[in-house]
Amino acid sequence: MLLEVEGLCVNYGHIEAIRDISFSVPEGTVTTLIGANGAGKTTTLKTISGLRKIRAGSIKFEGKDISAVEPYDRVKLGIGQSPEGRRCFIGMTVRENLEMGAFTRKDRKTAAYRDDLDRVLGLFPRLQERIDQIAGTMSGGEQQMLAMGRALMSRPRLLLLDEPSMGLAPKLIQQIFTIITEINSQGTTVLLVEQNAAQALKRSHDAHILETGEIVRSGKGKDLAVDPAVKAAYLGGDV
Amino acid sequence: MKKLSALPKPAKILIWFLIALFAYALPLLELPILSTPDSDFASVLFTVSIYCLVALGLNIVVGYAGLLDLGYVGFYAIGAYTVAILTSFHGSWPLLLAIPVAVVVAMISGVILGAPTLRVRGDYLAIVTLGFGEIIRLVAVNTEWLGGNKGINNIGRPPNLGDEKTGLFEVPHLFWGDGTVLLDNKDTTKFLIFGYSDAVPYYWMGLTAVVLVLLADILIKNSRVGRAWEATREDEDAAELMGVPTFKFKLLAFSTGAFVGGLAGALFASRQSFINPQSFLLLFSILYLAAVVVGGQGNRWGVLLGAFLVAYLPERFRGFEDFRVLAFGLALVLLATLRPEGLLPPRRTVRAKQLEHELDELEEGAEPDHDGEETARA
């Protein structure tokens, strides 16, 4: 297991955002957390990347407990995140954003780094076209691609994607999901958080459904996608 | 700036050299438009150089790292008092030994103040620093060991070069008559004697410090550290997700700023030869911040311009008595309205603005100038 979450509890003040959730992400898979607004999906991701503190439970990455590791050190361990709402550095150019993604890397003058940059620009040709443009002047879809590309530049073993389809046009959503599959097939494990359950379930190996801070269903993505109860609650009945 | 960066390297170096030469020669030229009729021009220039130092230091904290510091005068005071204590009040150290100690003490005080406060975000930092600046001043007022209200005098001067009476050589100032320019052999600056009346050598010292800090600033800003500051300022959480230990970088910015502030205070104390708590009022923190904001926070050339204006204009118009303060205030209000990003905003802001402008024009139905601009809207 690449990532194991056990008995995780997270609070915002006195409010329990996450209650005792456990799941794991096997190496090489796409695992999805789906759920409605406020179910605790983003909190879960933020806790894995270290931006939120754990109240109880543990997070293990490659078998080691990382609960006490600072967020910036988790990047070095191999956890990259594309946060909710993209959060690109809007005053920097695309290239500078991608360079920020590689902040922890010491090999930025080597061919290995250039290969990774080429790989990311290959995944997102749009970023290549906009390489010297200020990120803040790009469209939402382009910024989403930049956020994902930036996260990939740290060469993560585990890529956390927080609602990559949020606010995007249907055509772009298709494109983003195709790229996620592509990233996964290149060897990066992906933990995806989505409200767009139809697309996410179709493309993930494992999926977990969160409701008010607890996991209520787990299973194969394809199984959940055809499950009547899940369909009724998250897929609008007939997808 | 665009044209300048297109020039070949030797030409660029030559231009910068000429600009520096002009800056060093400024007090000797006594240019009629620039000179201050009601106060000693060289003294004003020295004050300008100190403001430039302060603005560069505060720009690192406010402009680069995005930390609002309303008590910057505190570090300035710490630098000044350290020099005063070591060279006069409780010791007789040579100034050149006291200055490094002063900047290190200022830097350490920056770490001590920053370590507990930089963990909180937003406005709290402004309040804490505001308090810090005042606490430093009040401690000085109430501590006999620091000279109390009376202050400290006979602060050490920089060492002279050459003979006390003539220096190594004497440099004449220019004299502007009616349509003629003469070398004024009675009005000379002795190279390099740090006396009471002639402020020119102090200005040279201040200017040299500005040049050195400016070079360090350019090196740091273009390094990994500068990029980390920028990321932290733009989005702290996102910066952490990139692997930036934001707290450490904020502390580094804070203490680097304190270092420069302490240096400015130390040079100021040496020139004045006398300091008391009145030299370190809250007003100065605000003026320093005004210099940074008016000039364009985040742009080193902007904040230098801002520092020049804030230090120079009130002296230039000293003849207008108190009206000059009113005019100064009006000028600040006008600037805040017309150029909210400062006179010279950072390049990024300019580029972003230009792009926005181009996109707006496209939206209004104009023909696209470049390929791909249309897709940018999609």
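**Exercise 1. The hairpin of chain A**

Determine how strands β1 and β2 of chain A are joined in this predicted model, and which residue of their hairpin takes a positive phi.

*Solution.*
Step 1. Strand β1 (residues 3-12) and strand β2 (residues 15-25) of chain A run antiparallel and are joined by seven bridges.
Step 2. One pair can be located individually: Asn11(A) faces Glu16(A) of β2(A).
Step 3. Two residues lie between the strands of this hairpin, and Gly13(A) adopts a positive phi near 65 degrees.

**Exercise 2. The open sheet of chain A**

State the strand order of the six-stranded open sheet of chain A, and explain why β6 and β10 each have one side without a neighbour.

*Solution.*
Step 1. The order is β6-β7-β8-β3-β9-β10, and the pairing is mixed.
Step 2. In chain A, β6 (79-82) and β10 (214-220) occupy the edges and have a single partner strand each, so one side of each lacks a neighbour in the sheet.
Step 3. From one strand to the next, the twist averages 15 degrees.
Step 4. Within the sheet, β3 (residues 30-35) and β8 (residues 189-194) of chain A run parallel and share five bridges. Thr31(A) is placed opposite Leu191(A) of β8(A).

**Exercise 3. Helices across the sheet**

Identify which strands of chain A helices α6 and α7 lie across, and at what angles the helices run.

*Solution.*
Step 1. Helix α6 (residues 140-152) of chain A lies across β6 and β7 (158-162), and its direction makes about 170 degrees with β6(A).
Step 2. Helix α7 (residues 170-185) of chain A lies across β3, β7 and β8, at about 155 degrees to β8(A).

**Exercise 4. Dimensions of chain A**

Compare the radius of gyration of chain A with that of a compact globule of 239 residues.

*Solution.*
Step 1. Chain A comprises 10 helices and 10 strands.
Step 2. A compact globule with 239 residues would have a radius of gyration near 18 Å; the value for chain A is 17 Å, which agrees.
Step 3. Along the principal axes, the C-alpha atoms of chain A fill a box of roughly 45 × 40 × 30 Å.

**Exercise 5. Two helix pairs in chain B**

Classify the crossings of α2 with α7 and of α3 with α12 in chain B.

*Solution.*
Step 1. The axes of α2 (residues 9-29) and α7 (residues 200-221) of chain B come within 9 Å and cross at roughly 155 degrees.
Step 2. Angles over 145 degrees count as roughly antiparallel, and α2(B) and α7(B) are therefore roughly antiparallel to each other. The crossing is right-handed.
Step 3. The contact of α2(B) with α7(B) has nine nonpolar residues and no polar or charged ones. Among them are Tyr24(B) of α2(B) and Trp204(B) of α7(B).
Step 4. For α3 (residues 41-64) and α12 (residues 300-316) of chain B, the axes come within 8 Å and cross at roughly 140 degrees. That angle makes α3(B) oblique to α12(B), and this crossing is right-handed.
Step 5. The residues that meet include Tyr51(B) and Asn59(B) in α3(B), and Arg300(B) and Glu315(B) in α12(B). By class, this contact has 14 nonpolar, four polar and two charged residues.

**Exercise 6. The interface**

Describe the side of chain B that touches chain A by its helices and its residue classes.

*Solution.*
Step 1. In the contact between the chains, 22 residues of chain B meet 24 residues of chain A.
Step 2. At least two residues of this side of chain B come from each of α8 (224-234), α9 (236-241) and α14 (347-363).
Step 3. The residues on this side of chain B comprise 11 nonpolar, two polar and nine charged.

Key:
Residues numbered from 1 in each chain as written. Chains lettered and ligands numbered in written order. Predicted model: local features only at pLDDT ≥ 70, side-chain atom pairs only at ≥ 80, totals over all residues. Contact = placed C-beta atoms within 7 Å. Helix = DSSP H or I, 4+ residues; strand = E, 2+ residues; numbered from the N terminus. Nonpolar A, V, L, I, M, F, W, Y, C, P; charged D, E, K, R; others polar. Pairing = 2+ DSSP bridges. Axes fitted to C-alpha atoms, helices over the stretch in contact; angles between N-to-C directions. Parallel < 35°, antiparallel > 145°, perpendicular 65-115°, else oblique. Left-handed = near helix turned anticlockwise from the far one by under 90°. Rg over C-alpha atoms; globule rule 2.2 N^0.38 Å.
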